[in-house]
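Please examine the structure shown here. The questions after it concern its nonpolar core and the elements that build it.

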Amino acid sequence: MNTRKTGTGKGRTTTGRGTKPSGSKPASRTGRPTSRTEKPATRGGKPAPRTEKPDAEKSSTPRPRPTAADGSSKPHYKPKVRKGDPLPTFNEEDIRLNKYLSNAGVCSRREADVLIQTGVVSVNGQIITEMGYKIKKGDKVQYDGETINAEIKRYVLLNKPKGFITTMDDPLGRKTVMGLIINACKERVYPVGRLDRDTTGLLLFTNDGDMAKKLTHPRYEATKIYHVEADKPVQAEHLEMLMRGIELEDGRIQADKAEYVKDGKSSREVGIEIHSGKNRIVRRMFEKLGYEVVKLDRVQFASLTKKDLPRGYYRHLTEKEVHFLKMTK
């Protein structure tokens with residue numbers, strides 16, 4: 001349909017069908033281009049209807065937020081993995097026999113070399129004494145006549161947020177830490193030790209039973225460092241009492257270190273290092289001295305720290321970290 005447009009001159013011009021290319025300017029009867037600042041075209045003395053804006057500019061209404069399965073407006077909690085952290089392949093194909101033994105939790109690599117040399121390790125029924133021997137997927141590896149479980153060992157480190165309980169499942173339907181690492185690996189892993197529902201910080205998961213036992217047994221002295229915030233300033237003499245030891249209902253307990261946090265806002269913030277894995281041990285120690293712990297964060301577990309691991313995120317341990325944990329006395 002022809003559209004009619006009035007110009008600034010006396011006459012009027014008529015455009016053809018369709019629209020002109022965006023880069024061209026309409027011409028007047030005199031041949032000179034019309035100004036871009038001309039008033040909008042009118043029709044019968046009334047402003048012409050405005051053209052519609054593109055879909056992207058039509059509405060600024062925000063998109064509706066996703067809802068949970070129960071119909072509430074609270075979105076589901078999504079497991080978060082640290083970006084760029086690949087899934088380790090500790091038991092990949094064609095790996096050295098000593099590494100396979102180490103990853104299976106039998107011993108360290110150096111000890112595995114000794115076992116291989118002594119002739120107590122066999123592959124597919126044949127004794128192997130060759131150093132650097134590689135095995136493939138499907139090979140049957142035996143140590144001292146017993147077949148070694150070929151399950152891939154996994155080690156997942158989580159920076160636990162508040163509000164999650166440390167259990168495999170909960171009959172009351174409360175949020176558990178397992179929901180935070182559900183996509184970490186296909187192998188079934190278990191938490192090493194526990195953290196209270198209101199306690200935050202480092203929590204390790206693994207299917208390596210030997211390592212889990214080693215890290216939770218007091219004899220191996222796996223270091224745990226907590227950042228404690230009390231309900232009132234902590235007296236210096238009470239820090240000394242924590243290191244000397246205090247009596248609790250289940251026995252005497254003492255901290256290895258207890259000192260004010262350097263960058264803390266007040267003397268209410270204390271750092272405490274302890275080896276005990278007893279339930280709620282840090283909270284009970286402070287309660288014994290007349291304090292209530294309002295915030296508790298585990299900032300170090302064994303040799304592992306929260307560096308580059310935001311709250312609620314998890315990552316896989318590196319081979320170097322796993323080796324270091326296995327060497328922990």
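The following questions and answers move from the core to its helices and then to one strand.

This is a predicted model, in which local features need pLDDT of at least 70 and side-chain atom pairs count only at pLDDT 80 or more, while totals for chains, interfaces and linings use all residues. Residues are numbered from 1 along each chain as its sequence is written, and side-chain values use heavy atoms, with hydrogens and water left out.

Q: Which element gives the largest share of the largest nonpolar core?
A: A nonpolar core is a set of buried Ala, Val, Leu, Ile, Met, Phe, Trp, Tyr and Cys residues joined through side-chain atoms within 4.5 Å; buried means under 20% relative accessible area with a 1.4 Å probe, protein chains only. This core has 36 residues, and Ile181, Phe205, Leu242, Ile272, Met285 and Phe286 touch the most other members. Elements giving two or more residues to the core include β12 (155-160), β14 (200-206), α5 (236-244) and α6 (281-288); helices (H or I, at least four residues) and strands (E, at least two) are DSSP runs, numbered from the N terminus. The largest share, 4 residues, comes from α6.

Q: How many of the residues of α6 are buried?
A: The buried residues of α6 are Ile281, Val282, Arg283, Arg284, Met285 and Phe286. They pack against β15, α5, β16, β17 (251-253), β19 and β20, where contact means heavy atoms within 4.5 Å. The helix α6 is thus mostly covered, and its buried residues number 6 of 8.

Q: Within what arc do the buried residues of α5 fall?
A: In α5, His238, Leu239 and Leu242 are buried. Seen down the axis of α5, these residues line one face of the helix, the arc being that of the directions from the helix axis to the C-beta atoms. An α-helix has 3.6 residues a turn, so residues three or four places apart point the same way. For the buried residues of α5, the arc is 105 degrees.

Q: Why is β12 described as largely enclosed by the rest of the structure?
A: Tyr155, Leu157 and Asn159 point one way from β12, and Val156, Leu158 and Lys160 point the other way, yet all are buried. The strand β12 is largely enclosed because its buried residues number 6 of the 6.

Q: Which residue of β22 stands opposite Val156?
A: Two strands pair if DSSP finds at least two bridges between them. The strands β12 and β22 (residues 313-316) pair in the antiparallel sense over 3 bridges. Opposite Val156 in β22 stands His316.

Note on methods:
Buried means under 20% relative accessible area, exposed over 50%, partly exposed in between (1.4 Å probe, protein chains only).
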